[in-house]
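User: I would like to go through a model with you, beginning with the contact between its chains. Could you bring it up?
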Amino acid sequence: MSLAAEAFVSQIAAAEPWPENATLYQPLKDDQILLSDCASSLAVQTYLRMCGLPVQVACKANAEYMSPSGKVPFVHVGNQVVSELGPIVQFTKAKGHSLSDGLDDVQRAEMKAYMELVHNMLLTAELYVQWCDDSTAAEISRPRYSSPYSWPLNHILAYQKQWDVRRKMKAIGWGGKTMEQVYEDVSQCCQALSQRLGTQPYFFNKHPTELDALVFGHLFTILTTQLTSSELAERVKRCSNLLAFCKHIELTYFKDKST
Amino acid sequence: MSAPDELFCWEGDWGLPSVDTDCLIVLAYAKFAGAPLKVQKISNPWRSPSGSLPALRTSKGEVLSRPSDIIIHLRKQKYNADYDLSAREGADTLAFSSLLEEKLLPALIHTFWMDSKNYVELTRRWYAEHMPFPLSLFVPGRLQAGQQARLRLSRSDHALDAGEELEKELYGDAVECMNLLSQRLGSSKFFFGDSPSSLDAVVFGHLAPLLGAKLPSERLQRQLRSLDNLTHFCANVLLLYFPSDGRENASRKASSQAEGGDVDHEPNKRRKQILSGLVAVGAMLAYALFTGILSIQHVHQRALESSPDLPADEEDEDED
């Protein structure tokens, strides 16, 4: 979203309250969605729940193509469509809902830094495992990603996606990494998060922030998703306070839904 | 540990030990940790053992080229600048390094490699001038293509040709990132107390080129200069850990500028005049030889050879 459009959106957004019929779009939950998208979507849902903003989840096979930035999830609120957590956080802030107002400057800097850590290491590692590990890509990612489409489109789209991700990995210097190195990065990232969390209920003491939503979204999805190898979840499970943190947020914000 | 590890990096300029962010990170970390590296400053990436810079050739002959790998290797050799950090501070290091990589690095790539004015007048010129002749024609362009691919793929949701908007967004992110760093640093000397750590190396590597380079279009640079504590931080690291580079480069620059000023005056000009005169004379002589003189002599000789019935004349010729 451009800055001009952003300024315009925030002006309009401030004028209108959050509507009841806001909708969050994501790929099909049972057959199609992949680990990384599912994690991002859960992070946004958690964030909106933390803000106390109601949202309906709609699963669409073509959610990725509906999104203005080409990434899922995105929310449709009134007349606006906003995608990804960062812009959504700004958008809700313009409407007067913010979780990070109580933080001082240094804490806000730390919060942003840790959010980038999750993007930089966890999200990238998820993408790597999904598309660069041959067995995961063949058994899970490609079939699931292309499930709504018929032959030959399914193969074309899946391989195209895989090729895009692999090129991206090469460009950011992950091309030469082995699976073991990627898992090691995940461990490192989880340890860092675990250290930062310590024994607090949330990253910044008593109140949840968007960082909590993001971390929960990713860790919970990694813990509850079945992949060809459970190594990713094992690495997360080594940090016991992160497990407790996930359980705590699940109970606080998803009690009604978790069955 | 008989032979020290050998580190290959880009040459320095602008008062910095190297012009490249990754090289600066590794150099600064090695200084902070006190690792005895044999540093080879080169300006020809083909002379590096991995084909890219920086590269570390360890005493066992292994070659590492990613800064993170090099730092891990140094750490394994007990050269650890983060030894005194608590686990929490180690976590912060990782987080802020990610912040720099995600928010500041794209804008830096844009400033140095995409901004056409900066690229043509500063970046390409610098690399081309420092490389040997045939490489200087295509290696800078190849480096740019690599950086461009990196920027495009890390921002896959945007077409790079969205020009203005992308620029604004990148620079907005970068300014926010620099503000966050400045807030985190506050008034302390280094990010974690009084001794430098790997985060200091990473921040220094990203900010120092932006401060030091004489960029024609200096939008991002101006923003950074307005953050006093970050400017001081970089100057401080340079002063404490790279005192010789700063002075050496400054003096070299001064002398090269003095030479540059002389270009229009006597010695070089005279030499050029003489050289171009020689070249012209050479070309004319060659032309004359190939067309006129040589053929005339041939005809002359052949005419003499094809007249064996005039032995007296031939003898005359031989005597001549």
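User: How many salt bridges does the rule find across the interface of chain A and chain B?
Analyst: This is a predicted model. The rule finds three salt bridges across the interface of chain A and chain B. In one salt bridge, the side chains of B:R88 and A:E110 meet at 3.7 Å, N to O.

User: Which elements of chain A give two or more residues to the side that touches chain B?
Analyst: They are α5 (105-132), α7 (153-171) and α8 (179-197) of chain A. The most comes from α5(A), with 13 residues. By class, that side of chain A has twelve nonpolar, eight polar and eleven charged residues.

User: And how many residues does the contact take from each chain?
Analyst: The contact takes 31 residues from chain A and 27 residues from chain B.

User: What area do the two chains bury between them?
Analyst: Chain A and chain B bury about 2600 Å² between them, with 59% of it on carbon and sulfur atoms. A:E116, A:N120 and A:Q195 supply 18% of the area that chain A buries against chain B, more than any other three residues.

User: Changing topic, how many cavities of 30 Å³ or more are there?
Analyst: The count comes to two. The largest cavity holds about 60 Å³ of space, and the second largest about 30 Å³.

User: Which residues line the largest cavity?
Analyst: Its lining consists of A:P27, A:Q32, A:I33, A:L34, A:D37, A:E64, A:V72 and A:Y145. These divide into five nonpolar, one polar and two charged.

User: What about the lining of the second largest cavity?
Analyst: That cavity is lined by A:Q32, A:A61, A:E64, A:Y65, A:Y145 and A:Y149.

Conventions:
Residues are numbered from 1 along each chain as its sequence is written. Chains are lettered from A and ligands numbered from 1 in the order in which they are written. This is a predicted model: local features need pLDDT of at least 70, side-chain atom pairs count only at pLDDT 80 or more; totals for chains, interfaces and linings use all residues. Side-chain values use heavy atoms; hydrogens and water are left out. Contact means heavy atoms within 4.5 Å. Buried area is the accessible area (1.4 Å probe) that two parts lose on being put together, summed over both. A salt bridge is a side-chain nitrogen of Lys or Arg within 4 Å of a carboxyl oxygen of Asp or Glu. Helices (H or I, at least four residues) and strands (E, at least two) are DSSP runs, numbered from the N terminus. Ala, Val, Leu, Ile, Met, Phe, Trp, Tyr, Cys and Pro count as nonpolar, Asp, Glu, Lys and Arg as charged, and the others, Gly among them, as polar. On a 1 Å grid over the protein atoms alone, a cavity is a set of points where a 1.4 Å probe fits but cannot get out, and a pocket is an open set with protein on both sides within 12 Å along at least five of seven lines; lining residues have an atom within 4 Å of a point. Grid points are joined across faces, edges and corners, and a volume is the space filled by probe spheres set on the points.
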